Amino acid sequence: YGYTFILSSYWNGSVASAAGHVSLYLCITAGEHDEYLQWPCKLHFEIECGEQKRTLKSAEVDTYFKKHSPPKKNNTIGIGIPKFLPHAKAVAALDHDTAQITISVIA
């Protein structure tokens, strides 16, 4: 059993105030065994792209998810960083038009 996640990326910012930046969000999805999992989700994440590494600490994630009910079918709840990486650094991190994004989940 475990949580399921997807990564949402917005390469021109997710909101107007994040224009000129890459926005990254880790979204928890509804899963087959959610009734067996603790809510809110208490995990710690590190997101890395190029030389940029950002951390979503477990207390921050816990506080955010406490505001929401667990996701239902065809729904997600996302937490992330609207201004994760400025475009100039994002372009520098590209290799043949491909960006490698690494997510580490620490229980």
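In this predicted model, Phe65 is buried, with a relative accessible area of 0%. Phe65 belongs to helix α1, which spans residues 58-66. Val61 and Asp62 are the other buried residues of α1. Viewed down the axis of α1, the buried residues fall within an arc of 100°, so they line one face of the helix. Ala59 and Lys66 lie on the other side of α1 and are exposed. The buried residues of α1 are covered by several strands, including β2 (21-29), β3, β4 and β5 (76-86).

Two of these covering strands form a hairpin. Strand β3 covers residues 44-49 and strand β4 covers residues 52-56. The two strands pair in the antiparallel sense, over five bridges. Within this pairing, Glu48 of the hairpin stands opposite Lys53 in β4. Two residues separate β3 from β4. Gly50 sits in the turn and has a positive phi of about 65°.

Aromatic contacts were examined next. The structure holds five aromatic pairs. One of them joins Phe5 and Phe45 in an edge-to-face arrangement. The ring centres of Phe5 and Phe45 are 5.3 Å apart, with 75° between the planes. Phe5 lies in strand β1 (residues 4-10) and Phe45 in strand β3, so the pair ties together parts that are 40 residues apart in sequence. Phe5 is partly exposed, with a relative accessible area of 25%. Phe45 counts as buried, because its relative accessibility is 0% and the cut-off for burial is under 20%.

A further aromatic pair involves Trp39 and Phe65. The centres of the two rings are 5.4 Å apart and their planes stand at 45°, so the pair is tilted. Trp39 is in the loop between β2 and β3, whereas Phe65 is in helix α1. The Trp39 and Phe65 pair thus links distant parts of the chain, 26 residues apart. Trp39 is partly exposed, at a relative accessible area of 25%. Phe65, its partner, is buried at 0%.

Ring pairs also build a cluster. Its members are Tyr3, Phe5 and Phe45. The edge-to-face pair of Phe5 and Phe45 thereby falls within a cluster that also takes in Tyr3. Strand β3 contributes Phe45 to the aromatic contact with Phe5 in β1. Strand β3 also pairs with β4 and is among the elements covering the buried residues of α1.

Terms used: Residues numbered from 1 in each chain as written. Predicted model: local features only at pLDDT ≥ 70, side-chain atom pairs only at ≥ 80, totals over all residues. Heavy atoms only, no water. Pairing = 2+ DSSP bridges. Helix = DSSP H or I, 4+ residues; strand = E, 2+ residues; numbered from the N terminus. Buried < 20%, exposed > 50% of the residue type's maximum accessible area, 1.4 Å probe, protein only. Arc of directions from axis to C-beta. Contact = heavy atoms within 4.5 Å. Phe/Tyr/Trp six-rings, centres within 6.5 Å; stacked < 30°, edge-to-face > 60°.
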